[in-house]
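Here are my notes after a look through the side-chain contacts and the main pocket. They are in numbered points, so pick whichever ones you want to argue with.

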Amino acid sequence: MTSTSLSLAKSATILSPAAELAANYYDGTADDIYRSIWGNSIHLGKFQSKEEALPIAMQRAKDTMIDGIALHKESKVLEVGCGYGSLARQLARSFDCSVLATNISQRQLDYAAELTKAEGLSDKVKFEKCDYHHLPYAANSFEVYWSQESFLHAGDRNVVLDEAHRVLEPFGLLAFSEVTLRRSTPPALREAILKRVKTPTMWSKHEYEVNLAACGFQVEKWEDWSENVALTYGWTLKQMERKQGEIIPRIGKEAFEHACEGMAVWKRAAEDGYLGWIHVIAAATTRD
């Protein structure tokens with residue numbers, strides 16, 4: 001593998017309009033809601049029962065994804081959409097490996113660095129602000145490229161997958177989980193779903209399957225976790241109701257109600273089969 005410094009990107013420039021939209025979303029009131037409701041990890045959860053708490057289900061999802069890859073002390077991992085750095089810290093603790101965790105939200109990056117320093121892991125985990133449409137890293141630099149529910153914010157997912165392929169070493173692994181949207185989703189519902197997270201488009205499961213192959217990835221593991229989407233948002237809506245007294249004074253009633261409305265739309269869309277969730281591990285093969 002090409003030798004890779006933990007810190008390569010020096011520019012904080014956001015290059016794509018989609019990344020700017022996502023940054024505005026996560027640096028806004030969403031950050032307060034995620035910290036209050038989700039905690040230090042802001043993903044969907046893999047539930048064992050309807051009564052299970054989301055933090056336990058989120059940890060199970062991460063553990064399941066980690067079980068699908070083999071890491072060691074010399075591994076170099078790139079994480080995109082790193083949130084508050086929970087996964088990066090877990091990998092560094094478990095495997096003593098180096099993780100370069102990237103994001104487009106400065107508020108999330110600052111908090112992630114603070115949490116990582118508190119755990120004494122700053123020598124293993126570094127955080128950088130960059131756009132995954134235009135990664136400032138050399139080709140063949142990483143053994144693993146990791147993403148959890150970040151591709152939904154992409155303006156051009158083929159460009160994102162091309163960049164992932166470029167920075168991965170030959171047969172390096174793309175490990176990701178992602179929310180999917182059925183192509184037959186009614187237009188008004190599609191618009192409401194996209195509006196919640198300020199994203200221009202979302203792919204269906206079939207689109208991921210086709211475009212992964214077109215971008216030079218060979219799928220090694222594909223799991224459908226769709227039944228967990230409604231459970232995740234059912235849990236978060238209950239927590240929003242329980243904690244509204246502490247959240248509304250910080251973000252305002254209008255922002256609170258808007259967030260609840262968006263989560264309810266996602267819950268119903270998942271229950272009706274429009275929103276899904278997949279877990280994929282794919283190898284970066286040589287292109288024709």
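1. Tyr25 and Tyr34 are both buried. This is a predicted model, so read what follows in that light. A search of the whole structure turns up 14 aromatic pairs, and Tyr25 with Tyr34 is one of them: edge-to-face, with 6.3 Å between centres and 80° between the planes. Tyr25 and Tyr34 also belong to one aromatic cluster, together with Tyr26, Trp38, Tyr233 and Trp266.

2. Trp266 from that cluster has a charged neighbour as well. Arg196 lies over the face of Trp266, at 4.7 Å from the ring centre.

3. On to the pocket. The largest one has a volume of about 360 Å³. It is lined by 19 residues, and those closest to its centre are Tyr25, Lys195, Arg196, His258 and Ala259. So Tyr25 and Arg196 turn up here again, as part of that lining. Helices H1 (17-26), H2, H7 (187-196) and H11 (253-271) are the elements that give two or more residues to the lining. H11 gives the most, with 7 residues. By type, the lining divides into 10 nonpolar, 5 polar and 4 charged residues.

4. Now the charges. Side chains of opposite charge can pair when their charged atoms come close, and this structure holds 13 salt bridges. One of them joins Arg35 to Asp31, with the closest N and O atoms 3.1 Å apart. Arg35 and Asp31 are 4 residues apart in helix H2 (residues 29-38), which means that about one helical turn separates them.

5. How does that pair sit with respect to solvent, buried or partly exposed? Asp31 counts as buried because its relative accessibility is 1%, while Arg35, at 34%, counts as partly exposed. The pair is also part of something wider: Asp31, Arg35 and Arg107 are linked in a network of salt bridges. Arg35 has an aromatic contact too, as its charged end sits over the ring of Tyr111, 4.0 Å from the ring centre.

6. Which salt bridge links Asp96 to a distant part of the chain? The partner is Lys124, and the closest N and O atoms of the two are 3.7 Å apart. Asp96 is in the loop between helix H4 (86-95) and strand E2 (98-103), and Lys124 is in the loop between helix H5 (106-118) and strand E3 (125-129), 28 residues apart. Asp96 counts as partly exposed because its relative accessibility is 30%. Lys124 has a relative accessible area of 17%, so it is buried, the cut-off for that being under 20%.

7. Last one: the side chains of Lys205 and Asp224 meet in a salt bridge, at 2.6 Å from N to O. Lys205 lies in helix H8 (residues 205-214) and Asp224 in strand E6 (residues 217-224), so this pair ties together parts that are 19 residues apart in sequence. Lys205 is partly exposed at 29% relative accessibility, and Asp224 is partly exposed at 37%.

Methods
Residues are numbered from 1 along each chain as its sequence is written. This is a predicted model: local features need pLDDT of at least 70, side-chain atom pairs count only at pLDDT 80 or more; totals for chains, interfaces and linings use all residues. Side-chain values use heavy atoms; hydrogens and water are left out. A salt bridge is a side-chain nitrogen of Lys or Arg within 4 Å of a carboxyl oxygen of Asp or Glu. Buried means under 20% relative accessible area, exposed over 50%, partly exposed in between (1.4 Å probe, protein chains only). On a 1 Å grid over the protein atoms alone, a cavity is a set of points where a 1.4 Å probe fits but cannot get out, and a pocket is an open set with protein on both sides within 12 Å along at least five of seven lines; lining residues have an atom within 4 Å of a point. Grid points are joined across faces, edges and corners, and a volume is the space filled by probe spheres set on the points. Ala, Val, Leu, Ile, Met, Phe, Trp, Tyr, Cys and Pro count as nonpolar, Asp, Glu, Lys and Arg as charged, and the others, Gly among them, as polar. Rings of Phe, Tyr and Trp (its six-membered ring) pair if their centres lie within 6.5 Å; planes under 30 degrees apart count as stacked, over 60 as edge-to-face and the rest as tilted. A charge sits over a ring if NZ of Lys or CZ of Arg is within 6 Å of the ring centre and within 35 degrees of the ring normal.
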